[in-house]
Amino acid sequence: MEQLLVINTSPQRSASYSRQMTERFVRSWRIRYPSGEIVYRELGNQPIPHVDERWVEAAFTPSEARNPQQKDVLALSDELVSELKQATQLVIGCPMHNLSVPSTLKAYIDQTVRMGVTTRLVPGTPGSPYAGLLHDKKAYLLLVRGGHGYEEDGAYAHMNFQEPYLRAVLGMLGIHDITTVNLEYTAIGGGQFDDAVKRANLCIDALLG
Ligand SMILES: Cc1cc2nc3c(=O)[nH]c(=O)nc-3n(C[C@H](O)[C@H](O)[C@H](O)COP(=O)(O)O)c2cc1C
């Protein structure tokens, strides 16, 4: 059965454009997969903890040697990894925050990229020293930016650490089938914004055929 993991990362609620995009995507997904399961992971308003010293020690202790405290420290990470493993498809609604992703999403990534669990190191491999351990997953990135010019070939493409970062880090996990929809101009408004919304909506509606 198909399972969609919906990850919302904006701290805004009803005013959030990325949430409006994930909602639109979910409506379309529900029509395409009437009996599929949808799981939500809220990051924007329910931030998860950053990794700390105890987490690093626990994560790099072999699982069979972990003491009960170390197992406790990794409990949330284990839950997030299990959720991710079960999903067959993933949609992430993600604003650009200071050229990159919201820190809540970075914390989620740090909790879910686990050596020997979701990825492994293969030094010297051309292209990437990581071999992801998650397979057969499709990811949709719904990316929102207040400004404009960050898309490929845009004037500020070189400052975009949002999409290239997400593609690289999902690649670390073994998720390479990634489709992106971009919405820019959200902080600018006007006709260019209206056109951008129309384009983004058309793209979302076309994603699932
Ligand atoms: C903390 C913060 C940092 C931001 N940094 C950028 C940025 O670097 N570039 C940009 O184009 N927009 C930036 N924005 C604007 C957001 O990308 C824009 O408001 C977007 O619509 C937010 O997504 P949301 O509507 O889903 O909340 C920033 C907004 C916030 C709150």
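This note goes through the strands, the core, the ligand shell and several loop residues of a predicted model.

1. The model is a prediction, and the points below should be read with that in mind. Residue numbers run from 1 along each chain as its sequence is written.

2. At the start of the chain, strand S1 (residues 3-8) lies parallel to strand S2 (residues 37-42), and six bridges join the pair. Within this pairing, Asn8 has Glu42 of S2 opposite to it. Between the two strands comes helix H1 (residues 17-32), and S1, H1 and S2 together form a β-α-β unit that is right-handed.

3. S1 also pairs with strand S3, again in the parallel sense, here through five bridges. A reader who wishes to check the register of this pairing may look at Leu5, which stands opposite Leu90 in S3. S1 is thus paired with S2 and with S3.

4. S3 (residues 89-95) is in turn paired with strand S6, the two running parallel over seven bridges. Two positions show how these strands are matched: Leu90 has Ala139 of S6 as its bridge partner, and Val91 is set opposite Tyr140 of S6. S3 is mostly covered, with six of its seven residues buried.

5. S6 (residues 138-144) pairs with strand S7 (residues 177-183) as well, in the parallel sense and over seven bridges. Here Lys138 has Asp177 in S7 as its bridge partner. From S6 the chain passes through helix H6 (residues 163-173) before reaching S7, and the handedness of this β-α-β crossover is right-handed. S6, like S3, is mostly covered, and six of the seven residues of S6 are buried.

6. Which residues have the most contacts inside the largest nonpolar core? That core contains 41 residues, and the ones with the most contacts within it are Met21, Val91, Leu141 and Leu142. The element giving the most to this core is S6, which supplies six residues. As a general matter, nonpolar side chains in soluble globular proteins tend to be buried together.

7. Leu141 deserves a separate look, as one of the residues with the most contacts inside the core. Leaving aside residues up to four places away in sequence, Leu141 touches Ile92, Cys94, Glu163, Leu166, Ile178 and Thr180. Among these, Glu163 and Leu166 fall in the range of H6, while Ile178 and Thr180 fall in that of S7, and Ile92 and Cys94 in that of S3.

8. The ligand is surrounded by 17 residues, of which the closest are Ser18, Pro95, Gly146, Gly147 and Thr186. H1 gives the most to this shell, contributing three residues. By residue class, the shell divides into six nonpolar, nine polar and two charged residues.

9. Two residues that are not glycines nevertheless have a positive phi, and a reviewer may wish to inspect the backbone at both. Leu99, with a phi of about 75°, is located in the loop between S3 and helix H5 (103-112). Leu99 counts as partly exposed because 13 other C-beta atoms lie within 10 Å. Tyr185 also has a phi of about 75°, and its place is in the loop between S7 and helix H7 (190-207). Tyr185, by contrast, counts as buried because 21 other C-beta atoms lie within 10 Å, where the cut-off for a buried residue is 20 or more.

10. Is Asp136, in the loop between strand S5 (130-132) and S6, buried or exposed? Asp136 has 8 C-beta neighbours inside 10 Å and therefore counts as exposed, since the class takes in residues with 12 or fewer. The C-alpha atom of Asp136 is separated by 7.0 Å from that of Thr88, although the two residues are 48 residues apart along the chain.

11. Gln46 is found in the loop between S2 and helix H2 (53-59). Gln46 has 9 C-beta neighbours inside 10 Å, so this residue counts as exposed. Gln46 and Gly93 are 47 residues apart along the chain, and their C-alpha atoms are separated by 15 Å.

Definitions and conventions:
This is a predicted model: local features need pLDDT of at least 70, side-chain atom pairs count only at pLDDT 80 or more; totals for chains, interfaces and linings use all residues. Two strands pair if DSSP finds at least two bridges between them. Helices (H or I, at least four residues) and strands (E, at least two) are DSSP runs, numbered from the N terminus. A crossover is right-handed if, with the strands pointing away from the viewer, the path from the first strand over the helix to the second runs clockwise. A residue is near a molecule or strand if its C-beta atom, placed from the backbone, lies within 6 Å of it. Ala, Val, Leu, Ile, Met, Phe, Trp, Tyr, Cys and Pro count as nonpolar, Asp, Glu, Lys and Arg as charged, and the others, Gly among them, as polar. A nonpolar core is a set of buried Ala, Val, Leu, Ile, Met, Phe, Trp, Tyr and Cys residues joined through C-beta atoms within 7 Å. Two residues are in contact if their C-beta atoms, placed from the backbone, lie within 7 Å.
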